[in-house]
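Q: Got a minute to go through a model with me? I'd like to begin with the pocket.

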Amino acid sequence: MKLFDTHFHVGGDVDLNEYYDKSREQNVEYFMSVGADYEESIKSKFFANNFENVWYTAGAHPHHAKDCYDSIAMFDEFEGEKLKAVGEIGLDYFYENSDRKVQRKVFEMFLESGLKKNLPVVIHCRDKDNEDGAYSDCFSMVQDFVKDGGRFEVHCYTGEKSWMEKFIDLGGYIGVTGIITFPRAQNVRDLIPHIPNDRLLLETDAPYLAPVPYRGKTNSSAYIIEVARKVASEKVMPIEELVQMTTKNAHTFFNIR
Ligand SMILES: [Zn+2]
């Protein structure tokens, strides 16, 4: 089995050698190290440049949008073979750590840079409970982006089925995390059969969202097998087949040969 963790973060004091070795021992063969701000993008670039089968993305999470309101020019330095996407970018109206208008402006700038760099984008989208402002704003922005030739993934999707289907109709990929192992996440498990087999990506979003039975611990790519196991059971598919399929999808989405 060759697992691909398509979304995790190596911020702070993560020891890259240890992280990599422990994950490899658990059959994680491919890694997409995601940058949620400038510093994390730098560390992800270092990880990718120094380890085999590690690639990276660079961007600013909506929480950090306020740090690059005027310009995202500092992200121009990220380029080259190992850079496979722009992200993590998007809208978060739940925590709203940055003003909504600021979030939209910065998201727009990153979508444009995805087009300019000819890279797909990794999107984070979260609404306040019982609202769908983030999804509708995100959808209309992504719609324009797709018209201009853009490709995207909505990572860690936990929203309504109707929005998910709209993103899928636009050509989007859907990322699934360890949330599906959480006892109370039946709504997220119910989405799995509605994700087309060729649009499904597995991710941990480490260090967050450690799957059962590791809840409360620091998450790691090493635990992605738990996500795979649960998705396979929801898809009623042998796990080997599910892993092969999702790993292939990741190569296609990130344009890895
Ligand atoms: Zn993330």
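Q: How do the residues lining the largest pocket divide into nonpolar, polar and charged?
A: This is a predicted model. In it, the lining of the largest pocket has 14 nonpolar, ten polar and 14 charged residues.

Q: How much space is in the largest pocket?
A: About 1,000 Å³. The lining has 38 residues, and the closest to the pocket's centre are H124, R126, C156, T158 and I179.

Q: Which element gives the largest share of that lining?
A: β5, with three residues. At least two residues each come from β4 (83-92), β5 (121-126), α5 (161-169) and α6 (186-189).

Q: Now H61. Where does H61 lie?
A: H61 is in the loop between β3 (54-58) and β4.

Q: Is H61 buried or exposed?
A: Buried, because its relative accessible area is 8%, and the cut-off for buried is under 20%.

Q: What is H61 in contact with, leaving aside neighbours within four places in sequence?
A: A36, E88, D92 and H124. H124 also appears among the residues closest to the centre of the largest pocket.

Q: Changing topic: cysteines. How many disulfides does the structure hold?
A: Zero.

Q: Why is C68 not in a bond with C138?
A: The sulfur of C138 is the closest cysteine sulfur to that of C68, but the two are 16 Å apart, so they are too far for a bond. A disulfide needs the sulfur atoms within 2.5 Å.

Q: And which cysteine sulfur is nearest to that of C138?
A: That of C125, at 4.2 Å, and C138 is in no disulfide.

Q: Are C68 and C138 buried or exposed?
A: C68 counts as buried because its relative accessibility is 3%. C138 also counts as buried, at 0%.

Q: Last topic, α7. How many residues does helix α7 have, and what does it reach from first C-alpha to last?
A: Helix α7 covers residues 224-235, which is twelve residues. The helix reaches 16 Å, close to the 16 Å expected at 1.5 Å a residue.

Q: Which residues in α7 are buried?
A: I224, I225, E226, V227, A228, V231, A232 and K235.

Q: What covers those buried residues of α7?
A: The cover includes the strands β1 (3-8), β2 (28-33), β7 (173-176) and β8 (200-202). Helix α8 (239-253) is also part of the cover.

Q: What about V236, just after α7: what phi does V236 take?
A: A positive phi, of about 50°.

Notes. Residues are numbered from 1 along each chain as its sequence is written. This is a predicted model: local features need pLDDT of at least 70, side-chain atom pairs count only at pLDDT 80 or more; totals for chains, interfaces and linings use all residues. Side-chain values use heavy atoms; hydrogens and water are left out. Helices (H or I, at least four residues) and strands (E, at least two) are DSSP runs, numbered from the N terminus. The expected span of a helix is 1.5 Å times one less than its number of residues. Buried means under 20% relative accessible area, exposed over 50%, partly exposed in between (1.4 Å probe, protein chains only). Contact means heavy atoms within 4.5 Å. On a 1 Å grid over the protein atoms alone, a cavity is a set of points where a 1.4 Å probe fits but cannot get out, and a pocket is an open set with protein on both sides within 12 Å along at least five of seven lines; lining residues have an atom within 4 Å of a point. Grid points are joined across faces, edges and corners, and a volume is the space filled by probe spheres set on the points. Ala, Val, Leu, Ile, Met, Phe, Trp, Tyr, Cys and Pro count as nonpolar, Asp, Glu, Lys and Arg as charged, and the others, Gly among them, as polar.
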